[in-house]
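User: Please explain, on the basis of the model shown here, how its structural labels are justified.

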Amino acid sequence: MRIALYQPDIAQNTGTILRLAACFGVPVDIIQPTGFDMSGRALRRSGLDYLDHVALTRHASWDEFYAQQQALNPAARLILVSTKAQTRHIDFQFHATDTLLFGRESAGVPDSVRDSIDAGVRIAMSKQLRSLNVAVSVAIIIGEALRQTDGFSA
């Protein structure tokens, strides 16, 4: 199981996700460019000393990330978490080899990225509201995915 962040905009959200990933032992891919300086104070402040405990890979572009994903494990699935997806996360069968992709806070992912995924899921929530914070979304999805795949380390 992996978490991939497509061009994240907000350092505090990314730091929180990296802290979560460190605690759950889940590697993270960050697809650049980011909307902030990855060495910045805001990232360190939200990630605290947990950042030293996360397996983090930075990719210069979507194409680089996608090519590496295909080369490392061509059978692994790329699952996009999106408000536009039809399948609710609680109705989806996650696999231990899945990479869970989350889009930019401001714009999600472009159609070219959406066209490359294996499946899409959305968080089951009130239809009257638009979306959750991306860090909260990652926590919900990774929690369900790890539960289904017996992926919790402790």
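The exchange below concerns a predicted model and takes up the sheet, the helices on it, the pockets and some single residues.

User: What makes the strands one open sheet, and in which order do they stand?

Analyst: Two strands count as paired if at least two bridges are found between them. Seven strands are joined in this way into an open sheet, in the order β3-β2-β1-β6-β4-β7-β5, with parallel pairing. β3 and β5 each have a single partner strand, so one side of each lacks a neighbour in the sheet and these two strands are the edges.

User: How do you know that β4 is paired with both β6 and β7?

Analyst: The cut-off is at least two bridges. Strand β4, residues 78–81, has three bridges to β7 and four to β6, so both pairs meet the definition. The two strands run parallel in the pair with β7, and likewise in the pair with β6. Leu80 illustrates both contacts: its bridge partner in β7 is Gly120, and in β6 Leu80 stands opposite Leu101. Ile79 has Ala119 as its bridge partner in β7.

User: Why is β5 counted as a partner of β7?

Analyst: β5 covers residues 87–88 and is linked to β7 by two bridges in the parallel sense. Because at least two bridges are required, the pair qualifies. Within this pair, Thr87 stands opposite Val121.

User: What makes both faces of β4 covered, and which residues form the covered face of β7?

Analyst: In a regular strand, side chains alternate between the two faces of the sheet. In β4, Leu78 and Leu80 on one side are buried, as are Ile79 and Val81 on the other, and both faces are therefore covered, given that buried means under 20% relative accessible area. In β7, residues 119–122, Ala119 and Val121 make up the covered face, whereas Gly120 and Arg122 belong to the uncovered one.

User: Which strands do α3 and α5 touch, and at what angles do these helices run?

Analyst: Helix α3 packs on the sheet, in contact with β1, β2, β3, β4 and β6, and its direction makes about 125° with that of β3. Helix α5 lies across β1, β4, β6 and β7 and runs at about 160° to β6.

User: What is known of the largest pocket, and which residues are closest to its centre?

Analyst: The largest pocket has a volume of about 630 Å³. Its lining comprises 25 residues, and Val81, Ser82, Thr83, Arg130 and Ser131 are the closest to the centre. β4 and α5 each contribute at least two lining residues. By class, the lining of this pocket consists of ten nonpolar, eight polar and seven charged residues.

User: How is the second largest pocket made up, and which element gives the most to its lining?

Analyst: The second largest pocket holds about 170 Å³ of space. Of its 14 lining residues, Arg2, Gln69, Leu72, Asn73 and Thr99 lie nearest the centre. β3 and α3 are the elements that give two or more residues to this lining, and α3 gives the most, with three. The lining of the second largest pocket divides into four nonpolar, seven polar and three charged residues.

User: Why is Gln7 called buried, Ser126 partly exposed and Asp150 exposed?

Analyst: The cut-offs are under 20% for buried and over 50% for exposed, with partly exposed in between. Gln7 has a relative accessible area of 15%, so it is buried. Ser126, at 35%, falls between the limits and is therefore partly exposed. Asp150 reaches 70% and so counts as exposed. Gln7 is in the loop between β1 and α1, Ser126 in the loop between β7 and α5, and Asp150 in the segment after α5.

User: What makes the backbone at Gln7, Asp150 and Pro33 worth listing?

Analyst: Most residues other than glycine have a negative phi, and most peptide bonds are trans. Gln7 is not a glycine, yet its phi is positive, about 45°. Asp150 likewise has a positive phi, near 55°, in a residue other than glycine. The peptide bond from Gln32 to Pro33 is cis, with omega near 5°, and Pro33 lies in the loop between β2 and α2.

Note on methods
Residues numbered from 1 in each chain as written. Predicted model: local features only at pLDDT ≥ 70, side-chain atom pairs only at ≥ 80, totals over all residues. Heavy atoms only, no water. Buried < 20%, exposed > 50% of the residue type's maximum accessible area, 1.4 Å probe, protein only. 1 Å grid on protein atoms, 1.4 Å probe; cavity = no way out; pocket = protein on both sides within 12 Å on 5 of 7 lines; lining within 4 Å. Points joined across faces, edges and corners; volume = space filled by probe spheres on them. Nonpolar A, V, L, I, M, F, W, Y, C, P; charged D, E, K, R; others polar. Contact = heavy atoms within 4.5 Å. Axes fitted to C-alpha atoms, helices over the stretch in contact; angles between N-to-C directions.
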